[in-house]
Amino acid sequence: MNRVYIKTYGCQMNERDSEAVASQLAARGYRIVRREEEADIVLLNTCSVRDQAEQKAIGKMGYLAKRKRRDPDFIIGFMGCMAQNRGAGLLDRLPDVDLIVGTQRFHHVPDYLDRFREARETGVPVPASIIDLDEETGSQNTIREHLPDRRKVSAFVSIMQGCNMACTFCIVPKTRGSERGRPIDDIVREVEELAARGTREVTLLGQIVTSYGRGEIPPIGGKSPFVQLLERINAIDGIERIRFTSPHPRGFNRDLAEAYRRLPKLCEYVHLPLQSGSDRMLRRMNRPYSRKKYMEIVNELRRNVPDMYFSTDIIVGFPGETEVDFRQTCEVFEEVGYDMAYIFKYSKRSGTPAAEMGDQVPADVKEARNRELLGILEKRSNRRNQELVGTTQEILVEGPARKGPYFTGRTRGNRVAFFEGSERLVGELVTVNVDRATVSSLYGSLALAGVDA
Ligand code: 5AD
C-alpha cells in the first residue's frame, strides 16, 4: 500500500518540486510508480497560472474520487500552486480529497502520508483531510534532493522561490510567495553532486532568476548575485552546459549579457518574456520596461552572441488589447525572430488587478491572435531549422528516442536532434551532421571523431 503516482501540471518548477517529493518519498520507503492504475496514492502537483490548468486538475481529481469511493484506502491529494491558491475551498467540490499541501510545505508530504498509512495499519480511524498551506522560512532550501539511483544527463536545479513583482495578470506571487534565494554554496554543492552522478547540463530554475540573491548577496565588480552564481557553476568540472529560466527583462543587465560571452558553458539560448509589444499594454500589465528597452536587451545579447536563440512568453487578449496593440506585439515578434515562444490567451485570475479591468477581450479574438502568432512562430522556427541543414552541431546525448531506432539530444540552442547512436554515448557531447529538419526537430548522423565533417 505504498505505491505513489505523482502527476505534474504546469512549469519546470513544478516538475522539479514533484521530483523532490518523489525523492523524499522514496527515501521513506514509498515506491514511485509510472502508472496511475498501479498506485495506492495519487498526488496531483498543480498549476494556477491559467484557469484551464486548474480545471484540468480538478477534472482529474473528480475521476480519482470515483475510484476512492469504491476503494476507501486509496489516498488522493493536491499539492502546489492550486492547493495554495484555493486551499480548503477545493473540498467543497471534492470532499474526498485527503491531502492539500501548499508550495512551501512539499517536504512534509512524506509525514502526512505516513499518518494515513499508520492509521490504516493500526486500525485507528483514518484522519480527515489534512490541509497545510503554511508559510515556512527556508522552504526554498528543501528542494534539493534528486532521485538517488537515476542518472539525469540534464537536471533542473531550483535556486530561488517566489516573486516580488506585481504583474497585474499574474497569480504566482500569491501561490509562490515572496522571493527567497538559496545560498550560493548550497546550490554549487547540489550541482557538484549531480555532476559526480553523471549530469552534464543544468537548468537553474526560479520564478524570477534575475532577482536571485538581490539584497542579500552584494554585487561584486558590477556583477549581480545571479551572475556570480553562473560563474561558480561554470567552474564545476563535469558540467558542460548551463541554462536558466525565467529571467525578467528588468534584471537583464549588461553583466548578464556579457556572461554569455565570458562563460563558455552558458548556452546561447535565452527565454526572455515579452508579454506584449505594446507599451500601453506593458504599463497596464505593470511590466516595468518598454518595447524599446526590451529591444535594447535583445540587441545587446546579439552583439555578444550573434547566433543567440530567443524564446519568450506572450499574453494575447489582455484586457483592453486593441488591434493596434496586438500589431505591435506582432512587429516585435517578427523583429526578434523567436525560435520558441509560449503564447497564452489571457485568463482571468481572481484576486489579480487585471481580473477587475474593463474591456475584457472576447474569446474568439484571443483565439485568432493566438493562432496568428503561432503561425509566425512556426514559419520562423522552421526557417531556423532549415538553416541548420548542412551544418554540424554539438549535441548532448540524452538517451534513446521514444520512437524509431534513434537517439536524441539537444543543440546548445535547444533544438531537438535525432540520430543513430548507442547507449554508450548517453551523457556525451557528440558532433552531428544535420541532413534534414522539420519545424521542431533536426535529423542527422554522427560525425566521426577526429574527421572533419
Ligand atoms: N493569463 C494568461 N497567461 C498568463 N501568464 C501568467 N498569468 C497569466 C494569465 N492570467 C503567462 C505569462 C507568464 C507565463 C508563465 O504565463 O506569459 O510569463
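This briefing describes the ligand site, the nonpolar cores and selected local features of the structure above. The model is predicted. Its ligand has an accessible area of 400 Å² on its own, of which the protein covers 86%. The largest nonpolar core has 68 residues, and another core, of 22 residues, lies apart from it. A cis peptide bond runs from Thr 245 to Ser 246.

**Ligand site**

- The shell around the ligand includes Val 49, Arg 50, Phe 169, Gln 275 and Asp 313. Ile 315, Phe 344, Lys 345, Tyr 346, Ser 347 and Arg 349 also surround the ligand.
- By residue type, this shell divides into 5 nonpolar, 2 polar and 4 charged residues.
- Two ligand nitrogen contacts involve the protein backbone: a backbone N or O atom of Phe 169 lies 3.0 Å from a nitrogen atom of the ligand, and a backbone N or O atom of Ser 347 lies 2.7 Å from a nitrogen atom of the ligand.
- Gln 275 contributes through its side chain, with a polar atom 2.7 Å from an oxygen atom of the ligand.
- Strand E13 (309-316) and strand E14 (340-345) are the elements that give two or more residues to the shell.

**Nonpolar cores**

- Within the largest core, of 68 residues, the residues with the most contacts are Ile 159, Leu 204, Phe 226 and Phe 244.
- Helix H7 (residues 184-196) supplies the largest share of this core, 6 residues.
- Beyond its neighbours within four places in sequence, Leu 204 is in contact with residues including Val 157, Ile 159, Val 209, Phe 226, Leu 229 and Leu 230. Its further contacts include Ile 233, Ile 242, Arg 243, Phe 244 and Thr 245.
- The other core, of 22 residues, has Val 42, Ala 57, Leu 64 and Val 97 among its members.

**Thr 245 and the cis peptide bond**

- Thr 245 is found in strand E11 (residues 241-245), whereas Ser 246 is found in the loop between E11 and helix H9 (254-262).
- The peptide bond joining these two residues is cis, with omega near -10 degrees, and their side chains are also joined by a polar contact of 3.2 Å.
- Thr 245 has a relative accessible area of 9% and therefore counts as buried, the limit being under 20%.
- Leaving aside neighbours within four places in sequence, Thr 245 is in contact with Gln 12, Met 13, Thr 203, Leu 204, Leu 205, Gly 206, Val 209 and His 271.

**Buried loop residues**

- Thr 199 lies in the loop between H7 and E10 and is buried, with a relative accessible area of 1%.
- The side chain of Thr 199 reaches the backbone oxygen of Lys 152 at 2.5 Å. Contacts of Thr 199 outside its neighbours within four places in sequence include Lys 152, Val 153, Ala 155, Leu 194, Gly 238 and Ile 239.
- Ser 211 is found in the loop between strand E10 (201-205) and helix H8 (225-234), and is buried at 5% relative accessibility.
- Ser 211 and Asn 414 are 203 residues apart along the chain, and their C-alpha atoms are separated by 24 Å.

**Positive phi at asparagine**

- Asn 286, although not a glycine, has a positive phi of about 60 degrees. Its place is in the loop between helix H10 (279-284) and helix H11 (291-304).
- With a relative accessible area of 39%, Asn 286 is partly exposed.
- Asn 414 has a positive phi near 75 degrees and lies in the loop between strand E16 (407-410) and strand E17 (416-419).

Conventions
Residues are numbered from 1 along each chain as its sequence is written. This is a predicted model: local features need pLDDT of at least 70, side-chain atom pairs count only at pLDDT 80 or more; totals for chains, interfaces and linings use all residues. Side-chain values use heavy atoms; hydrogens and water are left out. A residue is near a molecule or strand if one of its heavy atoms lies within 4 Å of it. A polar contact is a pair of N or O atoms within 3.5 Å; within protein, one must be able to donate a hydrogen and the other to accept it, and residues adjacent in sequence count only if both atoms are side-chain atoms. Accessible areas come from the Shrake-Rupley method with a 1.4 Å probe; for residues, only the protein chains shown count as cover. Helices (H or I, at least four residues) and strands (E, at least two) are DSSP runs, numbered from the N terminus. Ala, Val, Leu, Ile, Met, Phe, Trp, Tyr, Cys and Pro count as nonpolar, Asp, Glu, Lys and Arg as charged, and the others, Gly among them, as polar. A nonpolar core is a set of buried Ala, Val, Leu, Ile, Met, Phe, Trp, Tyr and Cys residues joined through side-chain atoms within 4.5 Å. Buried means under 20% relative accessible area, exposed over 50%, partly exposed in between (1.4 Å probe, protein chains only). Contact means heavy atoms within 4.5 Å.
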